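Here's a quick briefing to read alongside the picture. Take a look at the structure, then work through the points below.

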Amino acid sequence: MKTKATNPLSKSLLAMASLLALAGPAPAFAQEAELPAWVDTDSERRGYEIAIRSDNSDNGFGDSRVEATMTLRNAAGQETSRQLSFQTLERADNTVGDKSVVVFHTPADVEGTALLSHAHILEPDDQWLYLPALARVRRISSANKSGPFVGSEFAFEDFTAVELNKYEHNYLTTEAITVAGETLPTDVVERFPRYENSGYSRQVSYIDQTIHQVRRIEFFDRRGDHLKTLDLGDYREYGDGIWRAHRLVMTNHQTGKSTDLVYGDFEFGVGLTDNDFVRGVLERQY
Amino acid sequence: MRSLMRTLKSLIMPLLVLAAVIFGASTALSQGWDVGGSIGAEARIFPDDPAFAGQEDGVQTSIILEGDFRWRSADRRHQIVLVPWARLDAVDDARSHADLREGFYRFVGDELTVEAGLIKVFWGVTESRHLVDIINQTDGVEDSDGEDKLGQPAIRLTRQTGWGRLEAYLLPGFRERTFPGIEGRLRGPLIVDTDAPLYEHADEERHVDIAARWSHYLGDWDLGLAAFHGTSREPGFVPSADGQSLRPVYNIISQLSADVQLTRGAWLWKGEAIVREGQGDTFAAFTGGLEYTFYGVTASGADFGVLVEYHSDGRDSDPSVAPPTSFDNDVFLGGRFAFNDMNDTSLLGGAVIDVENGSSAVLIEAERRLGTHIFVEIEGRFTVNVDPADALAVVQDDDAITLRITRHF
């Protein structure tokens, strides 16, 4: 039996997959949508509309492939990095979650470790982890939400809970912020998790007014204290209105640790199908 | 003569592996292969005096080498994988051995994936016993957990359909199980003479085995059904004519198996079952249980998992009729602590306990990364409360602590 059987990497792998959604593209316009039941006030309605305009932009990329480097840094400035690659298949229907495969290339002892994820909107995601040492695919639990993974400052839910309807939204104000040297006017929208087991009482997102992308998210813990800040920078446009952030920095204010996630160039339309996102493909990812 | 034969035999695989390494490395340099590998140093410490004549007392050291060469075409349809492996053991000649763990060509077609060569395949869901896993032979001198495997010559065809994954296997060569030699610990009073195996079938190790598997997932459920016909990977044993050793007996068996896992919240429910014909009376065996994980048990976000599995096995207890097993009526209790830190630190502890006589095999494993390239593991294997009639009795003086440091490239 191997200790590594439920490798903590699993969480980070899944998380990485969903980061694609977090760094997701912008919509041209907010779609007319029926307002959810929790919307009572004008600020909630405005918050929801800003969020949906940003969220709808997730649709339309089809499939993609990208390489990334994740750098973990502790309070003393010590660093360690991981190289990963992602393949993502967008579902035709936005009531169903995306499918993704994430493969670790470094550290060398986990090379070839791969995670398949079938995301769902309301139900828990389905996840399978491949461990090359045993050539074994394991179905793993997706019940954890607030735990860290492999010492990174990203929590499981930071990646999985990116769907619009996992939150109640509330518009706060308009504010100019500076991210990665760029000063932008943004709409500030707070959001409250509606799903169970969240480690957060609320989040505050800063959505820029030009390309409608999330530029910053502040996370508040269950006690209401400011826990972390995620800055999303280096947005680049692929084709028509598909935007991707290429540099994500998560800083934990309580521990002084931080994690960078830097993407290479995204490839869209690589021709992936459902058959590329079944458990059997995990063993041939590297 | 026998020792000369053994020496020659033991040289063949290292030479093959060396050839593979040179081929792999040289090709890699020229044509964009992905090259990796590792070097490990291991010390296995036996605190107790050996029980049998000839066994090493004290520390068993060895070096482990592994290469990893991978190539794939730009369209990802063609792949070549070479994983040469070798252990050089300072004590036990039988534990010094080399293997091509994997060495195959893969074609990924639209309808069919084809693999040909030495492959490594894992079937199953449970943790403390791998009951349905049958394609690869166990490299028995490596560890007692049965998770180290020899590369299996195979042609495998895989087809993904809307109702699951279908695999068909043609297995044209049999690999004998490896066993400790005279100097080795973790053996019985008689060594297993791997130069004198007995095969039920006249084709011996050239018998062509076949297997098929269907696997699928439906919501929270993962299911697998499989069939195998051919040479049993597990041998039975008969004494040699001079009574100085045991000869492994490899029967032809037919086996049907099922494995299932239900994943619900923090619960994993797992079961594996087989029915096997060909080793005495047809028998069934079962392994099943659960794993529950407590998330975020520390401020830094560590997880603690609890494992419980039950084993039963209806095979004949005569080792000349059916391969011996220590999982006849046993319970596994274990816990796994994952720190979720940047070094992937984790701890595992557990015991397989015989329900009838209380004999227990205890395992403890700890591991973490040091820096970027170095991985450190500590493993403890102990026996507790051993009944003289239990299968564990012969190894009760072989408690061991293993330290392993591996440098990855």
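Of the 409 residues in chain B, 40% count as buried. Keep in mind that this is a predicted model.

**Chain B as a whole**

- If you walk along chain B, you'll meet one helix and 22 strands.
- The radius of gyration of chain B is 22 Å, close to the 22 Å that the globule rule gives for 409 residues, so chain B is as compact as a globular protein of that length.
- Stretched along its principal axes, the C-alpha trace of chain B covers about 60 × 55 × 50 Å.
- Take the contacts in chain B between residues at least 6 apart in sequence: 56% of them join residues at least 24 apart.

**Where chains A and B touch**

- Chain A brings 34 residues to the contact, and chain B brings 47 residues.
- On the chain A side that touches chain B, you'll find 15 nonpolar, eleven polar and eight charged residues.

**A look at one residue, Ile80(B)**

- Ile80(B) sits in strand E3 of chain B, which runs over residues 78-89.
- Is Ile80(B) buried or exposed? Somewhere in between: Ile80(B) has 17 other C-beta atoms within 10 Å, so it counts as partly exposed, because being buried takes 20 or more and being exposed takes 12 or fewer.
- Setting aside neighbours within four places in sequence, Ile80(B) is in contact with Trp71(B) and Tyr105(B).
- Ala168(B) is 88 residues from Ile80(B) along the chain, and their C-alpha atoms are separated by 20 Å.

Technical notes:
Residues numbered from 1 in each chain as written. Chains lettered and ligands numbered in written order. Predicted model: local features only at pLDDT ≥ 70, side-chain atom pairs only at ≥ 80, totals over all residues. Helix = DSSP H or I, 4+ residues; strand = E, 2+ residues; numbered from the N terminus. Rg over C-alpha atoms; globule rule 2.2 N^0.38 Å. Contact = placed C-beta atoms within 7 Å. Nonpolar A, V, L, I, M, F, W, Y, C, P; charged D, E, K, R; others polar.
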